[in-house]
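Student: I've got a model open on my screen and I'd like to talk it through. Can we go over it piece by piece?

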Amino acid sequence: MAGALCRCDASLYMQTHVAENRAEVQWAGELFPQARSYLDVYARAGLLHRRSVLAHGIWIDDADRAALAEAGAQIAHSPSSNLFLGSGLFDWRAASVGGAAVSLASDVGGGTSLSMIRTMADAYKVQAMAGQRLTAWTALHAATLGAAQALLLDEEIGSLEAGRSADVCVWDWAADPVAARRMGVARSLHEKVFAWMTMADDRNLRGTWIAGTLRYSRIDQGLR
């Protein structure tokens, strides 16, 4: 029924999760023995398309990544949840090589924070545990413009281009002596963004504008 609905209205998004842990992958295989993989279950049901958002995608293979790329679907990497539940280590590099789009998600059902800064920091930790290094630029892009592009909303949100919705947060680089010390030895803009990404929290937030209107100011400590 969900697949039929997507075929009837191409503007609809489809969001679910896929291959989060080995046990559910095995279970999906038992329930759908005709499918090549857990992802293939969705593809056979007509649920793999340009507006498909699939959380996790840890236990997928190259054929799955190729299918994601061909369909234009995206993996919503949820590192906080993956770490908290011990689900596994998402292979971001393999997804990128395979052409699959990756965005970042909090998944607070199993995660620990709604903060995208925390999510970016956790994403770095996941990749480090997998023997890879996630750049601050890649993480920031996946949390902003990359996510907007994956959702086909980059003409509205995700960047500071003229004509986009003016939903903007302004941050201080550092909010405590340890972070300030780390920021003091940063030698490039990337190092500064990396230090902010891994050490910032809500104390760094200076102000928030929604649709161009200031809604939070640290001076006021509340909403206007």
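Tutor: Sure, and one definition before we start: two strands count as paired if DSSP finds at least two bridges between them. Keep in mind that this is a predicted model.

Student: Which residue in the hairpin of β6 and β7 takes a positive phi?

Tutor: Strands β6 (residues 205–210) and β7 (residues 213–217) pair in the antiparallel sense over 4 bridges, with glycine 207 standing opposite serine 217. The hairpin has 2 residues between the strands. Most residues other than glycine have a negative phi. The one with a positive phi, near 50 degrees, is alanine 211.

Student: Is alanine 211 buried or exposed?

Tutor: Alanine 211 sits in the loop between β6 and β7. The cut-off for exposed is over 50% relative accessible area. Alanine 211 has 61% relative accessibility, so the label is exposed.

Student: And alanine 19, is that buried or exposed?

Tutor: Alanine 19 also has a positive phi, near 50 degrees, and its place is the loop between β1 and α2 (22–31). Buried means under 20% relative accessible area. At 1% relative accessibility, alanine 19 therefore counts as buried.

Student: Now the open sheet: in what order do its 4 strands come?

Tutor: The pairing in this sheet is parallel. Its edge strands, β1 (14–18) and β4 (101–104), each pair on one side only. On average, neighbouring strands are turned by 30 degrees against each other, direction ignored. Reading across the sheet, the order is β1-β2-β3-β4.

Student: Which residue in β3 stands opposite valine 53?

Tutor: Strand β2 (residues 52–56) runs parallel to strand β3 (residues 74–77), and 3 bridges join them. Valine 53's opposite number in β3 is glutamine 74.

Student: On to α7. What should its span be at 1.5 Å a residue?

Tutor: Helix α7 covers residues 116–129, which is 14 residues. The expected span is 1.5 Å times one less than the number of residues. The end C-alpha atoms are 20 Å apart, which agrees with the expected value, 20 Å.

Student: What caps the N-terminal end of α7?

Tutor: Look for a side-chain oxygen 3.2 Å from the backbone nitrogen of isoleucine 117. At the other side, just after α7, glycine 131 takes a positive phi of about 80 degrees. The N-terminal cap is serine 115.

Student: How are α7 and α11 oriented to each other?

Tutor: Two packed helices are described by the angle between their axes and the distance between the axes. For α7 and α11 (residues 189–199), the axes come within 7 Å and cross at roughly 105 degrees. In the contact, Ile117, Met120, Ala121 and Tyr124 of α7 meet Phe194, Trp196, Met197 and Thr198 of α11. Angles of 65 to 115 degrees carry one label, so these helices are roughly perpendicular.

Student: Is glutamine 127 buried or exposed?

Tutor: Glutamine 127 lies in helix α7. Leaving out residues up to four places away in sequence, glutamine 127 touches His77, Phe90, Asp91, Trp92, Arg93, Gln132 and Leu134. Its relative accessibility is 1%, so glutamine 127 counts as buried.

Student: Last one: how far apart are the C-alpha atoms of alanine 139 and methionine 116?

Tutor: Alanine 139 is in helix α8 (residues 136–143) and counts as buried because its relative accessibility is 0%. Beyond four places in sequence, alanine 139 touches Leu104, Met120, Leu134 and Met197. Alanine 139 and methionine 116 are 23 residues apart along the chain, and their C-alpha atoms are separated by 9.7 Å.

Methods
Residues numbered from 1 in each chain as written. Predicted model: local features only at pLDDT ≥ 70, side-chain atom pairs only at ≥ 80, totals over all residues. Heavy atoms only, no water. Polar contact = N/O pair within 3.5 Å; in protein donor to acceptor, adjacent residues only side chain to side chain. Axes fitted to C-alpha atoms, helices over the stretch in contact; angles between N-to-C directions. Parallel < 35°, antiparallel > 145°, perpendicular 65-115°, else oblique. Contact = heavy atoms within 4.5 Å. Buried < 20%, exposed > 50% of the residue type's maximum accessible area, 1.4 Å probe, protein only.
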